[in-house]
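Please look over the chain displayed here and follow the report below, which takes up a few of its local features one after another.

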Amino acid sequence: MQRVDMESGSENAVMLIHGVQPQNSLHRIITEECTNMLKRSNSSIGSHSERRKSGGRSPSKDTYRTRKVAELWLVVLAVASAITGYFIGSSFHKIQSYNVEDDKHTIKFNSAPSPCSSQVFHTQNTTGIQMPTLNYNVEDDKHTIKFDSDPSPSPIQVFHNTTGIYAATNPRGAESLPPGIVEPYSDFYLHGQQENSSGDLVGKPKYLLALTVGYDQKDIINEIVMKFSENFSIVLFHYDGRTSEWDQFEWSHRAIHISARKQAKWWYAKRFLHPDIMSAYEYIFIWDEDLGVDHFNAEEYLKLVKKHELEISQPGIEQKEEHSWLMTKRRVGVEVHKFVEIMAPVFSRKSWQCVWHMIQNDLIHGWGLDFHLWRCVERPYEKIGVVDAQWVEHKKLPSLGDQGLSSRGRPPGEGVLARSYAEWREFQRRMYMAEHGNGSQTREGQEEAVSEAIGGRKWHILYYTKCRKVTELWLLLVAVSSVIMGYFIGSSFHKVSSNKIQMPALNHSADDNKHTIKFDSASSARVSNSSQWFHERNITRIYVATNPRGAETLPPGIVEPYSDFYLHRLQKNSSEDLVGKPKYLLALAVGYKQKDIVNEIILKFSGNFSIVLFHYDGRTSDWDQFEWSHRAIHISARKQAKWWYAKRFLHPDIVSKYEYIFIWDEDLGVQHFNAEEYLKLVKKHGLEISQPGVESKKGLIWSMTKRRDGVEVHKKAEEDPGKCSNGQHRPPCAGFVEIMAPVFSRKSWQCVWHMIQNDLVHGWGLDLALWRCVQTPQEMIGVVDAQWVEHKVVPSLGSQVRKRCFTEWREFERRMYNAEDGNG
C-alpha cells in the first residue's frame with residue numbers, strides 16, 4: 001500500500017487518491033492538471049513549488065496542451081464505451097443463461113456462483129446450524145428442544161444433565177440458557193438506586209448522540225448538546241483524556257463519558273456503539289466536534305428524516321472555505337438531497353447494524369466508509385440524503401489532528417492526514433477483494449487490480465478535491481457515452497426477452513441448488529436515472545444469510561463482527577500502529593476515594609492486560625497521577641453499578657480477542673496475588689470460570705470462596721450442615737464463584753453476558769446461575785487458593801443500595817424459574 005509523503009504536498013495527495021503512478025498518458029495528464037490547480041489554490045505551496053517542479057516555466061502552456069490531449073482521450077473513451085455497450089447489449093443473452101417466469105418474477109441461474117461472489121444471494125440454509133458436542137435434538141418448524149432423558153428435578157437442587165438444554169435459536173454462546181432468561185440487547189439508560197428495579201430509570205431516551213471531543217472545544221460542544229433534547233442519550237468520546245472538567249455543564253452529569261487518549265471517532269464507534277447496545281435507539285448521531293448549530297434543531301431534523309424515510313442522513317453543510325464534497329453543501333429552498341459523508345452522519349437503528357459491521361478495527365479514521373454506506377440500505381438513491389432545511393456550519397477547527405506527533409518539523413496534523421488517506425486506499429482495496437474474492441492474488445496483484453477497479457471512480461474523487469475544470473468535461477463526456485451505451489443496450493435488450501425484468505429487493509427466497517432469486521411485485525419495475533448507478537452494481541442481489549444479523553447485504557470478506565480495546569496510534573500504517581496487543585482484560589468499578597487500593601491492584605497486572613475503569617463517581621481526570629492511567633480506558637456514568645457497566649461495555653463481540661476477562665470490585669487487597677501466576681493455575685486446572693481465594697478480617701458470606709491452605713485450587717466445599725447432603729454438591733457448595741472478583745474465559749463470558757439482565761444492575765443472584773454457562777460445572781468452576789486476595793469491605797457504591805441488591809436477587813430467581821418452567 002502506498003504512503004503519502006507530505007513533503008511534496010498536494011501532488012502526492014492526488015497521487016494517493018488515484019492509487020497509481022501516472023505511467024500512462026491519461027493518468028499523467030489528469031494528475032498534472034489537478035496538481036497545478038491545487039498548487040495555484042494553495043498559498044502554502046505557491047509559485048515557488050510550481051517553479052521548482054517545472055524548472056521555472058509557467059505552467060499555463062503545459063496546462064493548455066495537456067487539457068487538449070485529455071479532451072481527445074475522453075472523446076475516444078466515450079466512443080469506445082458506446083461501441084462496447086452495443087456489443088454487450090446485443091450479445092447479452094448469449095453470455096448469461098437465465099429463465100424468466102412471468103408470474104413469479106423468478107430468475108434462475110444455471111451455474112452455481114462463486115462462494116465469494118457479491119452478485120448473487122448466498123443461500124446456505126440458516127436453520128441447518130451445526131451444533132457442538134452438546135446432546136440435543138431440534139425440530140426446525142417448532143424449535144422444540146428434546147432431551148435424551150426425562151427432565152431432572154429443579155437444577156438448583158443438583159447439577160443434572162446441564163448439557164440437556166440447547167436452544168439453537170439463542171444467540172451464539174448462550175445456547176445452554178433457557179430462552180426466557182436470555183437478554184441479547186441493552187442500552188445506555190441510566191438507572192437510579194430505588195428499591196424497585198422496575199421504576200428506577202432516570203429516563204428512557206429514544207435517540208442517541210455520540211460526539212468525539214477535546215476540552216478546547218467545550219463551548220462548541222455545549223452549543224451542540226443544547227440543541228438536543230432529553231430524548232437523547234449523550235455519549236462523549238474524549239480523545240484528550242480530560243473528562244472531569246466537563247462538569248461545569250449541567251448536562252454532563254447525565255452524559256456518559258468514555259476516554260481513551262488519542263483515539264479517533266470511528267475507533268470509539270466500533271468499540272462502544274455495538275448494534276446490540278444501540279438497539280434501543282431509533283436514530284444514532286455520530287458527529288465531529290467542530291460544527292456550528294445556530295440553524296439546527298434535532299427534533300425538527302428528525303421530523304424531516306422520517307418524512308423522507310431516510311435511513312442514513314446528515315444535515316446540510318455550510319463553511320467559509322471550499323467544500324471537500326459539494327454533494328453535502330446545503331441547498332437553499334429544498335428540504336433534502338442525496339449523499340452523506342462521515343463528518344456528521346445519522347443512522348437509523350437498522351442501517352447501523354450493517355454499517356457497524358463494515359467498520360474496520362484498524363482503519364480508525366473511517367475514510368472511505370462514506371463511499372459504501374449505500375450498501376446498507378435497500379434503495380440508497382431514496383434512503384440516503386442530506387437534510388438542507390436543518391443545516392450546520394463546519395468550522396474546521398484543529399482538533400484530533402493536533403493529538404498526533406510532529407515529524408521532521410511538520411505539524412502533527414499532516415501525519416494524521418497522511419494516515420487518513422492511506423486508510424481510504426486500504427479500505428477500497430479490502431472492499432474490492434471482498435467483492436471479487438480473489439484471495440490468491442499477491443499484495444502487488446491486489447493493488448494493481450484495485451487501481452484498475454477504482455480508476456472509473458477516481459474522477460468523482462478528483463472532482464471533490466478541487467479538480468473541477470478537467471472533471472466537469474470528463475463527467476459530461478461520460479454522460480454522453482452512457483446515453484449512447486444505454487440506447488444500444490436498451491434497443492437490443494428487448495430481443496432477449498419481451499418481459500420487464502425487475503431488480504431484486506432484499507425480500508427474497510433462495511433455492512439452494514438453483515440459486516434462485518425471487519422478486520417482489522412491480523415496485524422495482526421502473527428504475528429512475530438517479531438510481532442507475534446502484535442498479536448497475538446489482539447491490540440488492542447481495543444477501544449472505546451467514547453474515548451477522550443486519551449485515552447480510554455486505555460482501556462477507558468486508559464484515560468485521562468483532563473488536564477489541566487495543567489502542568492505535570493516529571499515524572503510521574494501520575498494520576503497525578498498535579500501542580500493544582494485550583491477551584487479557586481487567587475491568588474495575590472504581591471511585592476516586594479508593595485510588596490507592598486500585599493502584600495496587602493494577603500494578604499486579606502486567607502489560608498483557610487491557611485496563612478498563614468504570615467510574616461510578618464521575619471523577620476520571622484525577623487518575624492521571626498514575627502512569628498506567630494514560631493507557632487505560634476510562635468510562636464514566638454516575639452512580640451506575642459494575643454489572644450495569646459490564647452489560648453495556650463488555651459485549652462478547654468487543655472482548656472476543658481476550659482469553660480471560662477479570663471483572664472485579666475495587667476493595668481487594670492483592671499483596672498475595674499475581675495475575676500471570678493466577679492464569680497459569682487457571683489453565684492448568686481447566687477452569688472456565690474462577691476467582692482467587694478470599695480472606696477477610698470481617699468474615700465471609702460464602703465458605704466456598706474462602707482460601708484453603710496447602711492447595712492450588714478447590715472446586716467444592718461443605719457449607720452449613722444439611723445444605724450439601726448426600727454428596728450432591730450444588731451452588732454455593734460447588735460450581736460456584738461469587739460476583740465480587742470473577743474471572744471468565746472468553747467462551748464462558750459469551751454465555752454469562754447474555755444472562756445479565758439490563759435492569760438488575762447489581763448482579764445479585766447471577767453467581768448462583770453461572771454453572772449454566774459451562775458443560776461440567778463441578779470441574780470447570782473453581783477457586784484458586786494459591787493466588788488469593790483480601791476483601792477489605794470498604795464502603796463504596798454498595799453501601800447505598802444493599803436493600804436494592806436483595807430485591808434484585810429475588811427478581812432474578814423469579815425470572816429464571818419462569819424461564820425454565822415456561823410459565824410466564
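## A buried glutamate

In this predicted model, Glu175 is found in the loop that lies between strand E5 (144-146) and strand E6 (207-213). Although Glu175 is buried, it has no salt bridge, and the nearest side chain of opposite charge, that of Arg172, is 6.9 Å away. Because a salt bridge would require the side-chain nitrogen of Lys or Arg to be within 4 Å of a carboxyl oxygen, the 6.9 Å that separates Glu175 from Arg172 does not qualify.

What does the side chain of Glu175 reach instead, as far as the backbone is concerned? It reaches the backbone nitrogen of Gly173, at 3.0 Å. When its neighbours within four places in sequence are left aside, Glu175 is in contact with Ile165, Tyr166, Ala167 and Asn170.

## Strand E14 and its partners

Strand E14, which covers residues 384-394, is mostly covered, with 9 of its 11 residues buried. Strand E11 (residues 312-318) pairs with E14 in the parallel sense over 7 bridges, and within this pairing Ser313 stands opposite Gly385 of E14.

E14 is also joined to strand E10 (residues 291-292), here by 2 bridges and with the strands running antiparallel. In this second pairing, Leu291 has His394 of E14 as its bridge partner.

## Strand E17, covered on both faces

For strand E17 (residues 584-590), 7 of its 7 residues are buried. Which residues lie on each side of the strand? Tyr584, Leu586, Leu588 and Val590 are on one side, while Leu585, Ala587 and Ala589 are on the other, and since a residue counts as buried when its relative accessible area is under 20%, both faces of E17 are covered by this criterion.

E17 pairs with strand E18 (residues 609-615) in the parallel sense, over 7 bridges. One of the matched positions is Leu586, whose bridge partner in E18 is Ile611.

## Two disulfides

A disulfide is a covalent bond between the sulfur atoms of two cysteines. The model contains 2 disulfides when the count is made by sulfur-to-sulfur distance. One of them is formed by Cys354 and Cys376, with their sulfur atoms 2.1 Å apart. This pair links distant parts of the chain, with Cys354 in helix H9 (residues 349-358) and Cys376 in the loop between H9 and helix H10 (380-383), 22 residues apart. The torsion about the S-S bond of Cys354 and Cys376 is about -65°, so this disulfide is left-handed. Both Cys354 and Cys376 are buried, and helix H9 itself is mostly covered, with 8 of its 10 residues buried; among the buried residues of H9 are Trp352, Cys354, Trp356 and Met358.

The other disulfide joins Cys751 to Cys773, with an S to S distance of 2.0 Å. Cys751 lies in helix H19 (residues 746-755) and Cys773 in the loop between H19 and helix H20 (777-780), so the pair ties together parts of the chain that are 22 residues apart in sequence. For Cys751 and Cys773 the torsion about the S-S bond is about -65°, and this disulfide is therefore left-handed. Both Cys751 and Cys773 are buried. A further cysteine, Cys805, has a relative accessible area of 5%, so it too counts as buried.

## Backbone features in loops

Where does the loop that holds Pro732 lie? It lies between strand E23 (713-714) and strand E24 (743-745), and a cis peptide bond, with omega about 10°, joins Pro731 and Pro732.

Positive phi values are also found in residues other than glycine. Glu309, in the loop between helix H8 (298-307) and strand E11, has a phi near 55°. Lys639, which is not a glycine either, has a positive phi of about 60°, and its place is in the loop between strand E19 (633-636) and helix H17 (642-649). Is Lys639 buried or exposed? Its relative accessibility is 52%, and because the exposed class begins over 50%, Lys639 counts as exposed.

Conventions. Residues are numbered from 1 along each chain as its sequence is written. This is a predicted model: local features need pLDDT of at least 70, side-chain atom pairs count only at pLDDT 80 or more; totals for chains, interfaces and linings use all residues. Side-chain values use heavy atoms; hydrogens and water are left out. Buried means under 20% relative accessible area, exposed over 50%, partly exposed in between (1.4 Å probe, protein chains only). Helices (H or I, at least four residues) and strands (E, at least two) are DSSP runs, numbered from the N terminus. Two strands pair if DSSP finds at least two bridges between them. A disulfide is a pair of cysteine sulfur atoms within 2.5 Å. Lys and Arg count as positive and Asp and Glu as negative; His and the chain ends are not counted. A polar contact is a pair of N or O atoms within 3.5 Å; within protein, one must be able to donate a hydrogen and the other to accept it, and residues adjacent in sequence count only if both atoms are side-chain atoms. Contact means heavy atoms within 4.5 Å.
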